[in-house]
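Student: I would like to learn how to read the features of a model like this one. Could we go through a few of them in turn?

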Amino acid sequence: MAAARPLDAGHGTAPTGARTRGLAAAAAPSGTLQGAYGDGIPPVGTFFSSSGPGGPTYCTASVVQSAGRNLVLTAGHCAKSLAGGQQIFVPQYRKGQDAAHQPYGVFPVERVFTDPRYTKNSKGTDSDLDFGFARLGANAQGAEVQDLTGGLRLTPTPRWTSTVTVTGYPGTFNPDQRAFSCTVPTARLAGYQQLQMKCGGFFGGTSGSPWISYYDAKARTGDLIGALGGWNGGGDAAGDDWVSYSPVFGQEVQDLYQDAVADRTPVRPTAYQPPSDAARLPGAASTWTHARHLASGDFTGDGREDLLTIWSDGEVSLYPGDGQGGFGAEKQLAKADSFWKRAETVTTGDFSGTGRTDLMVRWDNGKLSYYEDFDASGSGKEYTLGAVGSFWKYATQITAGRYAATDKAGDLAVRWVDGSLSVYSGVSSAGPGTERRLMEAGSYWRNATALTSVQPAGDGRSNLVVRWSDGSLGSYTTTGTDIGKGTRLQPPNASWAGAVMTAGDFTGTGRRDGLVTRWSNGETSLYGGTGTDALGAWSPLVQTG
């Protein structure tokens, strides 16, 4: 196979405009992670010419779950070269083995799909579209690739900062042609709709390497939230092997995936417009690290839901919603060191039945009260539902929603300090209503660290959304009489562990299906259209980097 030609240098070895990695690059800063060679994983492989698996490797790709069980995802600049001739994909490639002795055989590339607005090796904003799919034929035994290797779940990028494992096949500094992997945090690439990661060893040939979260080796699947590509062929202008990029996986990659599944030629009648780089929620990430409580509601009376923030120093701020997932300038409702510093947990609902937003607070002295029709002046008539020193001092988290009733968010879910869980129906100015205990003391609910209520599309009731101590996120279809079916929205993730969250109708859907999350680093995100079994589309509100 010595005569097998490289299809293109792709991520760093191309003389055609992509960067050259590792030849004149600067040394990595002290402390930069370094990847390691290994055996790779079944869904990840590399390409060769159709003469067989040998000679130089070309780019990297990963199997993605699809109805045809025959799709791989790679970088767009790789896919454009694949379109020109006869090529094969070899999952979990082993050097020195012929096609018959590769772990899963070899699979011919039949067709590729790229966004027509993307120019190969572009350094412009269209590098946000540097991804592509290849449809594969069956191997010599007639098997589809996904049936043998498993497949990754094509997943919208959840936020700027995630932890991923990136696996690829370097074409240089890799005489044994082994897989190369690194588990590394991601960050934002300013000025682009792209992620970056810093880990040494990603030389030419690693373009298309999947960025995987939560890989399950037994099930041979995980969340594919990015792929090595983007600005300057996947890395920086200097060709540093320790700096790599990935386009954010949003609607554009989903649209291209649908084209590939349907086997249709991608058509994009309008030019690519990258999302605005401006923050959609005022304030720096360093400021938002101090947001202690978030609450949502139409506090201004304009029919659009707003974001109320209680800061760690007792200041209270209101950010008017624009109904399109953004928020206006801050309006201060209370100064620092106000009595709001004593709020332990808060929620909003319609307890008085006026159709306006009421704000409920459990205070540090055990008092439970709500402010009727809380408005932009920071006031409302207060009703006390639990006296100072009452048993409400044991209420660790509260959230209001439509659990027992569907006409208004007038039911209250309470997680108690002993791990029990209750729902109170019929909350009003007369009292907290009727309690139903859904979980007893000592239950796994003692590991709940935050609650909110989301109303998914097609459902008149709210789902109870819980953040657990391991950073996982769950959703329960409780009716107020039993806990209901539980669904995991997010696997365990340390970055979720310190998150503050609330849900509201921030995008004008008529449902409180927008989940706002403030991370420990101040990054703040909106997941619009969150459903019963999946987080909604990610939209950054407060940027980092």
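Student: How many of the seven residues of strand β17 are buried?

Tutor: Keep in mind that this is a predicted model. A residue counts as buried when its relative accessible area is under 20%. In strand β17, residues 291–297, six of the seven residues are buried, and the strand is mostly covered.

Student: Which strand is joined to β17, and by how many bridges?

Tutor: The partner is β18, residues 306–311; the two strands run antiparallel and are joined by six bridges. Within this pairing, leucine 294 of β17 has threonine 309 of β18 opposite it.

Student: How many disulfides are there?

Tutor: A pair of cysteine sulfur atoms within 2.5 Å is taken as a disulfide. The count here is two. One links cysteine 59 and cysteine 78, with an S to S distance of 2.0 Å. Cysteine 59 is in strand β4 and cysteine 78 in helix α2, so this pair ties together parts 19 residues apart in sequence. The other links cysteine 182 and cysteine 199, at 2.1 Å from S to S. Cysteine 182 is in strand β11 and cysteine 199 in strand β13, so that pair ties together parts 17 residues apart in sequence.

Student: Why is the disulfide of cysteine 182 and cysteine 199 called right-handed?

Tutor: The torsion about its S-S bond is about 105 degrees, so the disulfide is right-handed. The link of cysteine 59 and cysteine 78 has -75 degrees about the S-S bond and is left-handed.

Student: Are cysteine 182 and cysteine 199 buried or exposed?

Tutor: Both are buried, and both cysteine 59 and cysteine 78 are buried as well.

How values were computed
Residues are numbered from 1 along each chain as its sequence is written. This is a predicted model: local features need pLDDT of at least 70, side-chain atom pairs count only at pLDDT 80 or more; totals for chains, interfaces and linings use all residues. Side-chain values use heavy atoms; hydrogens and water are left out. Buried means under 20% relative accessible area, exposed over 50%, partly exposed in between (1.4 Å probe, protein chains only). Helices (H or I, at least four residues) and strands (E, at least two) are DSSP runs, numbered from the N terminus. Two strands pair if DSSP finds at least two bridges between them.
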